[in-house]
Amino acid sequence: MAKKFKIRLFKLARELNVGIDTIEQQLGELGYAHALSGKGANAVLEDEDAYEALLEAFAHDRKVAARLKELREAREAAARAAKAEAEAAEAVEEVEEEAVEEVPASASAAEETEQEAAETAVEEATGEPEVEAPAASDEAVEAEEVAEEVSAEPTPAPEQEEEVEAVATAAATEESEAEVEASEPETPAAAEAEAAPTEEAPESAAEEKKEEDEVIRAQVVLQGAKVVGKIDLSKVEDDDTRSGKRKRKRKRKAKPAPDEEVVKVAVEDEEEEKTRSKRKRKRKRIRRVDEEEVEQSLQETLRELEQGVSRIRQRRRRERRERHAQEREREALREAQEARKLRVTEYISVGELAELMGVEVSEVISTLFNAGMIVSINQRLDADTIQFVADEFGYEVEFITDYNELEIEIPEDRPEDLQPRAPIVTVMGHVDHGKTSLLDYIRKTNVVAGEAGGITQHIGAYHVELPDGRYITFLDTPGHEAFTAMRARGAKVTDIVILVVAADDGVMPQTIEAINHAKAAGVPIVVAVTKIDKPEANPQRVLQQLAEHGVLVEQYGGQVQCAFVSAKTGEGVDDLLEKVLLEAELHDLKANPNRPAVGTIIESRVEKGRGNVATVLVQNGTLRVGDPFVAGVTSGRVRAMFDERGNRVEAAGPSIPVLVLGFDELPEVGDQFVVVPDEKEARAIAQKRQQIRREQMLRKQRRISLDEISRRMAQGERLKELNLIIKGDVAGSVEALSDALLKLSTDEVAVNIIHSGVGAITESDVMLASASDAIIIGFQVRPTSSARQLAEREHVDIRLYSVIYQAIEDVRDALEGLLSPEKTEQIVGVAEVRETFKIPKVGTVAGCRVLEGRIRRGDRVRVIRDGVVIYEGAISSLKRFKEDVREVQSGYECGMGIENFNDIKVGDQIEAFEIVEQRRKLEV
Ligand SMILES: Nc1nc2c(ncn2[C@@H]2O[C@H](COP(=O)(O)OP(=O)(O)OP(=O)(O)O)[C@@H](O)[C@H]2O)c(=O)[nH]1
């Protein structure tokens, strides 16, 4: 049956009381889109399951449709009955009143029958959505037709009676059967009527026929009802299934027996009346139920609609949420990508690189170890190695040494403009191999005669003139640490490295390091085998050892020049300098003096009365007073320049170091110094560079605060850290001390230098130390009095040193847990210079006021100017009102003379200290 099922879409639409489009859409939603064959209203639905699903989906619409139809039909039937009555009254005046009245009665009976048929069909359709529904509507149509026939063409055939009865009630009662049967005897009358035209006749003819029929019917009713046969209900059901065809067939059959309808009317006697009233009640009840259902359905529809609206809102909200989530994801991705990008300078140390990547230093070391490189935590890495490590850890690298080059294009010089320039030399070698002695000797012996006092000022570099008029510029901070620290800043200053190896000691670890650093920088080496005056000197062994480490001197068939020297006797020094100059010639060191200067900052500090000062080593062009410049992230205009002898100079050419005044802020060692056309432009460039640097700082801080801490917590490591703040008198010593202290890190204890700088220890240093559990190491500097007080309050340990080596030893001992009670110095009093007096034959005497503690004759003292130690010695005289005194307490004034020191100035602080034995505070 399901296979043969077929229903046209338009019919379905009518039945369900919905639009064709809606049905198509619903079918699609229910997954029955395929069940529809053909297009438009004539499309056929052939799937019964789909049909059932539709019935279910549109149950409410169907109910509404059925109700509407029922009402419409009832109205029409009533109208027709009224019309028929009127006609009957007109046509047959003599017909008895009762007979006439029966007509509307029967009509109304038919009406009721129709209504009930529709209702029953609806009920059945809801319960069992078979093909009943179309049958039901057909029934309704039939009922309508029957009513028509009753009034106009009373030619009921047995079949029609069956129909009517079946429709009237699904379960036909015996009573009604009996009634139908009773009409059977009238069949002859109906047979007579068969002669009448059955097809649609002209209206007038039909009306005449009707009149006759009515008369006959009235007579029949008077005779009473006779049972003539039984209705086969099963047949009715069968017919139901053929409802489509039945309509026409029935019409044809119904007409020939008009009297049958009269029979039908006749059987509705008193009992029928009762039944009718019962049905009416039933109908009322059904209607009430329907109303409730309609109401319910309406509520549901409204609810659905509301839900629909809220669903739309929900969907919108969901979409918005999704959109935001996507945006956040994109942002996170971008941040993640950004976070995976390292902006580093070349020659960053292993420790710094690990910190930036947020990984353990040991991981970086082992990664490099696996790649065949043995490195220490402080080892500085070249670009290729940094790139390799970053790749291994999934980072992109962006080298930002270029912030020195940022915004400034330095044009290339034409070859014809270039002139030879002096080589810039750095002396490197193992500790105590004689670097300083050699430099001193060169400096002393090569100062042009007549220059009073010689080199008086430490500016980080100096140049010497050889007897033949050639120059060599020496960088004043020996050792590869300073050299590499400078390189780490992107500065490439040194042209030639003098590798000092003591003939009596041979190649030592730092010698090897120096070799590696010089090689990494691609800087040529000239070997100076020193201390050859010593009896135990063995220079040949040195050359051999050097060969073992890849430095092949000429004597061994290599390219490296070598000189045997003695800083003590001066032997071989000239030879060494000659070889340096030869090396310079070999490398064709040239520059163009006729262009704006380009150089590098090699020292910087704040000087009282001069402000920010820095030593610029001019590498190309000529620097002149008044030149506007950019230096790293700062800028300025050259206010004045001095050479290492303290002489004011107006211009400085290539390879000449000069002390420059006029920096807006203190530049950093290694910063590039470039003269620019105007000061405004200089300032703009500096600001842009500052922005980049801030970014770096921010990144570094974030790494320490978040990644490091959380990672350590997560790993549950019992990490020991030693945070240090290093302050020194000059940038060079700070760099050297920092590098040396960082080297003390082990896998168990990490040394972190959280801040370093030049100048007095300030309150902000102490606050930083307090916040980070750091120890402050001061080299040749002192805390300001407010910083000292703050340190006491915050229990911050400030360690002050005058010798780098001692600072390193202390920290090393502390890290090893070996820091034992030792002699150390303690500040016993501080006095401030209020006045100075020059006394003949005695020198300068300071009129002081003791600010803290007490000052005692014989105390060792330090003279501190702007937080920096400028002299250390002993008190030579201590007086109060011209009287010698042994001691002056805090709050009193006194006159003080310092042994061999006359450069005392108003504002200087004199700090008295003594060596005491105490347990060190520095413990890990
Ligand atoms: N006999 C002799 N002694 C020398 C010579 N050069 C240096 N010395 C001595 O070696 C010691 C160390 O010399 P420095 O010049 O301080 O050595 P350095 O390499 O500068 O040492 P650091 O600054 O600690 O790295 C000093 O006592 C010098 O006197 C030399 O040519 N002959």
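**Figure 1. Glu-899 in the loop between β33 and β34.** In this predicted model, Glu-899 sits in the stretch that links strand β33 (893-898) to strand β34 (909-918). Its relative accessible area is 39%, so Glu-899 counts as partly exposed. Setting aside residues up to four places away in sequence, Glu-899 touches Tyr-871, Ala-874 and Ser-876. Look also for Ile-875: its C-alpha atom is 6.0 Å from that of Glu-899, although 24 residues separate the two along the chain.

**Figure 2. Arg-788 and Glu-911 joined by a salt bridge.** We stay with strand β34 for this view, since Glu-911 belongs to that strand. The side chains of Arg-788 and Glu-911 meet with an N to O distance of 3.8 Å. Arg-788 comes from helix α26 (residues 785-794) and Glu-911 from strand β34, so this pair ties together parts that lie 123 residues apart in sequence. Are the two partners buried or exposed? Both Arg-788 and Glu-911 are buried. The pair also belongs to one network of salt bridges with shared partners, made up of Arg-782, Arg-788, Glu-852, Arg-860, Arg-862, Glu-872 and Glu-911.

**Figure 3. Phe-881, a residue with positive phi between β30 and β31.** Phe-881 is found in the loop that runs from β30 (868-880) to β31 (883-884). Its phi is positive, about 50°, although Phe-881 is not a glycine. With a relative accessible area of 72%, Phe-881 is exposed.

**Figure 4. Ser-566 and its contacts.** Ser-566 is placed in the loop between β12 (561-564) and α22 (573-586). Its relative accessibility is 0%, and Ser-566 therefore counts as buried. Which residues does Ser-566 contact, leaving aside neighbours within four places in sequence? They are Lys-531, Ile-532, Asp-533, Glu-571 and Val-573.

**Figure 5. Lys-531, one of the residues in contact with Ser-566.** Lys-531 has its place in the loop between β11 (525-530) and α21 (539-548). The backbone deserves a second glance here: phi of Lys-531 is positive, near 60°, in a residue other than glycine. At 22% relative accessibility, Lys-531 counts as partly exposed, whereas Ser-566 is buried.

**Figure 6. A salt bridge within helix α22, between Lys-579 and Asp-575.** The closest N and O atoms of Lys-579 and Asp-575 are 3.4 Å apart. Why are these two residues separated by about one helical turn? Lys-579 and Asp-575 are four residues apart in helix α22. An α-helix has 3.6 residues a turn, so residues three or four places apart point the same way. The partners fall into separate accessibility classes: Lys-579 is buried at 17%, and Asp-575 is partly exposed at 33%.

**Figure 7. The salt bridge between Asp-417 and Arg-414.** Here the side chains of Asp-417 and Arg-414 meet, with N to O at 3.2 Å. Asp-417 is partly exposed, with a relative accessible area of 24%. For context, a search of the whole structure finds 34 salt bridges.

**Figure 8. A positive surface patch of arginines.** Seen together in this view are Arg-313, Arg-316, Arg-317, Arg-318, Arg-320, Arg-321 and Arg-323, which form a positive patch on the surface. To find your way, start from Arg-321, which lies in helix α14 (residues 270-339). Arg-321 has a relative accessibility of 52% and so counts as exposed.

**Figure 9. Helix α15, a mostly covered helix.** Helix α15 spans residues 350-357. How many of its eight residues are buried? Seven of them are, namely Val-350, Gly-351, Leu-353, Ala-354, Glu-355, Leu-356 and Met-357. Gly-358 follows α15 and has a positive phi, near 70°.

**Figure 10. The protein chain as a setting for the close-ups.** The predicted chain contains 27 helices and 34 strands. Of its 924 residues, 48% count as buried. The chain exposes about 46,500 Å², and carbon and sulfur atoms supply 49% of that area. Among contacts with a separation of 6 or more, 74% are between residues 24 or more positions apart.

Key:
Residues numbered from 1 in each chain as written. Predicted model: local features only at pLDDT ≥ 70, side-chain atom pairs only at ≥ 80, totals over all residues. Heavy atoms only, no water. Patch = residues over 30% accessible without salt bridge, like charges linked within 9 Å, V, L, I, M, F, W, Y side chains within 5 Å. Areas by Shrake-Rupley, 256 points an atom, 1.4 Å probe, with all protein chains shown as cover. Salt bridge = Lys/Arg side-chain N within 4 Å of Asp/Glu carboxyl O. Lys, Arg positive; Asp, Glu negative; His and termini not counted. Charge placed at Lys NZ, Arg CZ, Asp CG, Glu CD. Buried < 20%, exposed > 50% of the residue type's maximum accessible area, 1.4 Å probe, protein only. Contact = heavy atoms within 4.5 Å.
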